[in-house]
Amino acid sequence: MPAKKPIRITDVTLRDGQQSLFATRMTTEDMLPIAEKIDSVGFYSVEVWGGATFDVMTRFLNEDPWERLKLLKQHMPNTKLQMLLRGQNLVGYRNYADDVVEAFIEKSAETGIDIFRVFDALNDERNFVAAFKAIKKTGKEIQAAISYSLTEKKLGGPIFNIDYYIGKAKKIEEMGADSLCIKDMAGIISPYDAYELFSKLKANLKIPLHLHTHYTSGMASMALLKAIEAGADGIDTCFAPFALRSSHCAVEPFVVSFQGTDHETYFDLEIIAEIDEYLESIIPKYMSFADTTRFSVMDIGVLMHQIPGGMISNLVSQLKQAKAIHRLKYVYEEIPKTRKDLGFPPLVTPTSQIIGAQAVFNVIAGRYKMISNEVKDYFYGLYGKPPVPVNEEIKQMALKNYAKGNISIDTRPGDILEPEMPKAREALKGLSEDMGDILIYALYPMTGLEFLKKNRVTPHYNGS
Ligand code: CO
């Protein structure tokens, strides 16, 4: 008997789970032995690709990301495969030209992606235009995500209030999204805020609603349950060994909690236990990438300062390199100020890195004595439009000798970017004509090329 109100459960173990806990280092070789069993559980979808996987695989694992996707598709033919796409940033850290967006999505759909979860770090919906168009063309599902952000302790205040999220959500629905996801990358959504937000979203939207949150602050399972009570249609979970900490809620407690209710999952806990056992067996290989600095599974710092866990580890390594780790406290104080100067962008890749790095410069060298190229590009408008206006004085300072000009653009960033695929094709001449390879180069001209030179046997290639 099917559940009266089944909840769509997306397993994110093989992408966000391993990215959050083990720096995205899980190999395809370790995924394949368990893929068929995961496929048999009955998930709505499995997120297996995107986010940092593409970069880490070519840079550190010496693995072809397209090959992983192809193999996972072969081993998981019954469950929809999902990826996280950073809007016009794709799986990189800057906005790419429209021709790269189109080619990347076409190739991803062809290789196995069924659901594209698309977000933009600034929640600038213009950065969805090219991606939506390309996904529509492939006939696959567009799941648009809104980056969940706060400036106050709770949902509300002048910027990230209920009206902000409802307004964004309605616009995205009108643009043709098939479903909507609230993407809480830092794990800061509280249960009652989740209830309020999903009640209002449900009242205002027709498309299915998902909540993606991280366990970091310890509120996640309460938030998911309250969101479901408010009408949310889908949640993201991991298998227990890859759950909690900066990862996600575990699926097992939900399976049991929903037994005998309208949300019954009918997942077989015996099968899940076998998957868990396998996952436990490979974890020792990845423990060197885990954060073992504390025993607590939650980071109460996030409840206090709302800085995402991944961002903190970046700050710490940047400060250590500069031999200034003793100034971490000042960087924490500086981050909200830098964020305000930049018009309060949500803290998610790549804005979290951009703001984190600039805040470190501001503390070490003095405020805006050193300005990163990314901050200059940001002020110029290459990442899109921030939620509120930026600090004009600092913008002028940043664009003073900026190569592209000192007057910022207010068009969709994709509109001013020259096509990039012809150059990528040209650069790989004699090395590879494969579309997957051309995309690896287009996305990562330096590390991508290194990867291709290592892996494509080509005696005639003389390119540098
Ligand atoms: Co996430």
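Helices in this report are DSSP runs of H or I with at least four residues, and they are numbered from the N terminus. The model discussed here is predicted.

## Helices α6 and α9

Helix α6 is followed by G139, a residue with a positive phi near 80°. Within α6, which covers residues 129-138, the buried residues are A130, A131, F132, A134 and I135. These buried residues pack against several elements, namely the strands β3 (80-85), β4 (115-118) and β5 (141-147) together with the helices α5 (98-111) and α7 (162-174).

Helix α9 spans residues 220-229, and its buried residues are A220, A223, L224, A227 and I228. They lie on the same side of α9, because the arc that they cover around the axis is only 135°. An α-helix has 3.6 residues a turn, so residues three or four places apart point the same way. The packing partners of the buried residues of α9 are α8 (191-204), β7 (209-213), β8 (234-237) and α10 (251-257). Helix α9 is followed by G231, whose phi is positive and near 115°.

## The cobalt site

Three residues supply the protein donors of the cobalt ion: D16 through OD, H212 through NE2 and H214 through NE2. These donors lie 2.0 to 2.1 Å from the ion. Along the sequence the donor residues follow the spacing D-x195-H-x1-H. Both H212 and H214 are buried. D16 also counts as buried, because its relative accessible area of 4% is under the 20% limit.

Besides serving as a donor of the cobalt ion, D16 forms a salt bridge with R15 through its side chain, with an N to O distance of 3.3 Å. R15 is likewise buried, since its relative accessibility is 2%.

## Salt bridges

Side chains of opposite charge can pair when their charged atoms come close. In this model the count comes to 31 salt bridges. Three of the pairs are set out below.

| Pair | N to O distance | Burial |
|---|---|---|
| D16 and R15 | 3.3 Å | D16 buried at 4%; R15 buried at 2% |
| R68 and E63 | 3.8 Å | R68 and E63 both buried |
| K168 and E125 | 3.0 Å | K168 and E125 both buried |

The salt bridge between K168 and E125 has an N to O distance of 3.0 Å. This pair links distant parts of the chain, with K168 in helix α7 and E125 in the loop between β4 and α6, 43 residues apart. Elsewhere, K5, K202 and D233 are linked in a network of salt bridges.

## Helix α15 and its surroundings

T349 and P350 are joined by a cis peptide bond with an omega of about 5°. P350 belongs to the loop between α14 (328-341) and α15. Helix α15 itself covers residues 351-365 and contains G356. G356 is buried, because its relative accessibility is 3%. Leaving aside residues up to four places away in sequence, G356 touches M311, L315 and Q318. The C-alpha atoms of G356 and G366, which are ten residues apart along the chain, are separated by 15 Å.

The loop between α15 and α16 (373-380) holds Y368. Although Y368 is not a glycine, its phi is positive, at about 55°. Y368 counts as buried, because its relative accessible area is 6%.

## A second tyrosine with positive phi

Y266 is located in the loop between α10 and α11 (269-286). Phi of Y266 is near 60°, again a positive value in a residue other than glycine. With a relative accessible area of 46%, Y266 is partly exposed, because partly exposed residues fall between the limits of 20% and 50%.

## A nonpolar surface patch

On the surface, I300, L303 and M304 form a nonpolar patch, with about 300 Å² of accessible area together. M304 is placed in helix α12, which spans residues 300-305. M304 counts as exposed, because its relative accessibility is 56% and exposed residues are those over 50%.

Notes:
Residues numbered from 1 in each chain as written. Predicted model: local features only at pLDDT ≥ 70, side-chain atom pairs only at ≥ 80, totals over all residues. Heavy atoms only, no water. Donors = N, O, S within 2.8 Å, 3.2 Å for Na, K, Ca; no water. Buried < 20%, exposed > 50% of the residue type's maximum accessible area, 1.4 Å probe, protein only. Helix = DSSP H or I, 4+ residues; strand = E, 2+ residues; numbered from the N terminus. Arc of directions from axis to C-beta. Contact = heavy atoms within 4.5 Å. Patch = residues over 30% accessible without salt bridge, like charges linked within 9 Å, V, L, I, M, F, W, Y side chains within 5 Å. Areas by Shrake-Rupley, 256 points an atom, 1.4 Å probe, with all protein chains shown as cover.
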